[in-house]
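Trainee: I have this one open on the screen. Can we go through it piece by piece?
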Amino acid sequence: MNAAAAVQPGRSVIVRVPATSANLGPGFDTLGLALSVYDELVVTALPYDGIEIEVTGEGADDVPRDASHLVVRSIAYAFEAVGRRMPGLRLEGRNTIPHGRGMGSSGAAVVSGLLAAKGLLEGDVTFGDDTLLSLATELEGHPDNVAPALFGGLTIAWMDETGPQHKKLLVHRGVAPLVLVPEFTMSTELARSLQPLQVPREDAVFNVSRSALLIAALTQSPELLLAATEDKLHQNYRAQAMPGTDTLVRALRAGGFAAVVSGAGPSVLVLADGPGQRLEAAELAARVTDTPWEALMLAVDFKGGTVKEYAEGST
């Protein structure tokens, strides 16, 4: 098919991508969990060049309205990767994933763009799971957020000589996620800059043991979540940049709740052993903080990102 005619004007797809929480305590840059908060996007091919963007919800006042928008850049990256010319596009986004809070908003934007490209090029180009993960990792820089955003559930992500890899696991039905979201934000780049390039051997061994235990806790034995979410690789080093987050994590863990920094922060993820314990954690959090934290009672998303042809009335 001629590159210029790869997408018929008027073709429209709807994309839905979940929020994610990476690291989960000890699984730094490796473990990620998809959560039931979603960004939705309708992308339509235009009969002329140009970008039209309409965004509502989270970040609507801050995101660019041109080709520098991360979703547009991701669509363009996918088209270029398969040798197709990107048409003019209209994007209509409805964002609910908080920005700059450690819930994978940038990873969701990258995945949204790649899935939109997949949908627009369906029938001409096939994007397999490996290709999507590879492109997403190239754009995001690491696979721990984009893997659960693409595939859902609990994901283990790693790199080998062929590129990024992943394994999706089903989470025990007793695990009840709670995310506590503050009003302030945190830069992922700043958070990463606070970590040392080397850590003591005993800390590395500590995290290896807890990461292995965390897989067992999330898939089979939720009663082990408190011990399994201990970490010595990254959270202590980042604490100085977000003292409110550190205080809340420590208070929740002292109360017996498996609380960790969500991604690079500043949100706090609690992996509760059942809905009752989750409510108790939310009540404790409300008592020990003097600034607002929104409590999101969530489920684990098992589907990951989806794309389908858009029709009026689609949700």
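Mentor: Fine, but keep in mind that this is a predicted model. One helix to begin with: the buried residues of H6 pack against strand S2 (31-45), strand S5 (154-160), strand S7 (175-182), helix H7 (225-228), helix H8 (235-238) and strand S9 (268-273).

Trainee: Which residues of H6 are buried, then?

Mentor: Asp-203, Phe-206, Asn-207, Arg-210, Ser-211, Leu-214, Ala-217 and Leu-218. They sit on the same side of H6, because the arc they cover around the axis is only 135 degrees.

Trainee: And what is exposed on the other side of H6?

Mentor: Arg-201, Glu-202, Val-208 and Ala-212 are exposed there.

Trainee: How many residues does helix H6 have, and what span does it reach?

Mentor: H6 covers residues 201-219, which is 19 residues. From first C-alpha to last it reaches 28 Å, close to the 27 Å expected at 1.5 Å a residue.

Trainee: Switching to the sheet. What is the strand order in the open sheet of 4 strands?

Mentor: The order is S8-S9-S7-S10, and the pairing is antiparallel. Strand S8 (259-261) and strand S10 (293-297) are at the edges with a single partner strand each, so each has one side without a neighbour in the sheet. From one strand to the next, the twist averages 25 degrees.

Trainee: What holds strands together in a sheet, generally?

Mentor: Strands of a sheet pair through backbone hydrogen bonds, and the pairing can be parallel or antiparallel.

Trainee: How many bridges join S7 to S9?

Mentor: There are 6 bridges between S7 and S9, and Pro-177 stands opposite Leu-271 in S9. On S10, S7 has 5 bridges, with Leu-180 opposite Ala-295. S8 and S9 pair over 3 bridges, and there Val-260 stands opposite Leu-269 in S9.

Trainee: Is S7 mostly covered or mostly open?

Mentor: Mostly covered: 8 of its 8 residues are buried. That holds for both faces, with Val-175, Pro-177, Val-179 and Val-181 on one side and Ala-176, Leu-178, Leu-180 and Pro-182 on the other.

Trainee: Which strands does helix H10 lie across?

Mentor: H10 (residues 275-288) lies across S7, S9 and S10. Relative to S7, the helix runs at about 20 degrees.

Trainee: New topic, the nonpolar core. Which residues have the most contacts inside the largest one?

Mentor: Val-43 and Met-103, in a core of 67 residues. H2 supplies the largest share of this core, 9 residues. There is also a second, separate core of 17 residues, which includes Val-249, Phe-257, Val-261 and Ala-281.

Trainee: What does Val-43 touch?

Mentor: Not counting residues up to four places away in sequence, Val-43 touches Arg-11, Ser-12, Val-13, Ile-75, Leu-89, Arg-90, Leu-91, Ala-116 and Leu-120.

Trainee: Last one: Ser-105. Where is it?

Mentor: Ser-105 is in helix H2, which spans residues 105-120.

Trainee: Does Ser-105 count as buried or exposed?

Mentor: Buried, because its relative accessibility is 17% and the cut-off for buried is under 20%.

Trainee: And what is Ser-105 in contact with?

Mentor: Ile-97, Pro-98, His-99 and Gly-100, leaving aside neighbours within four places in sequence.

How values were computed. Residues are numbered from 1 along each chain as its sequence is written. This is a predicted model: local features need pLDDT of at least 70, side-chain atom pairs count only at pLDDT 80 or more; totals for chains, interfaces and linings use all residues. Side-chain values use heavy atoms; hydrogens and water are left out. Helices (H or I, at least four residues) and strands (E, at least two) are DSSP runs, numbered from the N terminus. The expected span of a helix is 1.5 Å times one less than its number of residues. Buried means under 20% relative accessible area, exposed over 50%, partly exposed in between (1.4 Å probe, protein chains only). The arc is that of the directions from the helix axis to the C-beta atoms. Contact means heavy atoms within 4.5 Å. Two strands pair if DSSP finds at least two bridges between them. Axes are lines fitted to C-alpha atoms, for helices over the stretch in contact, and angles run from 0 to 180 degrees between N-to-C directions. A nonpolar core is a set of buried Ala, Val, Leu, Ile, Met, Phe, Trp, Tyr and Cys residues joined through side-chain atoms within 4.5 Å.
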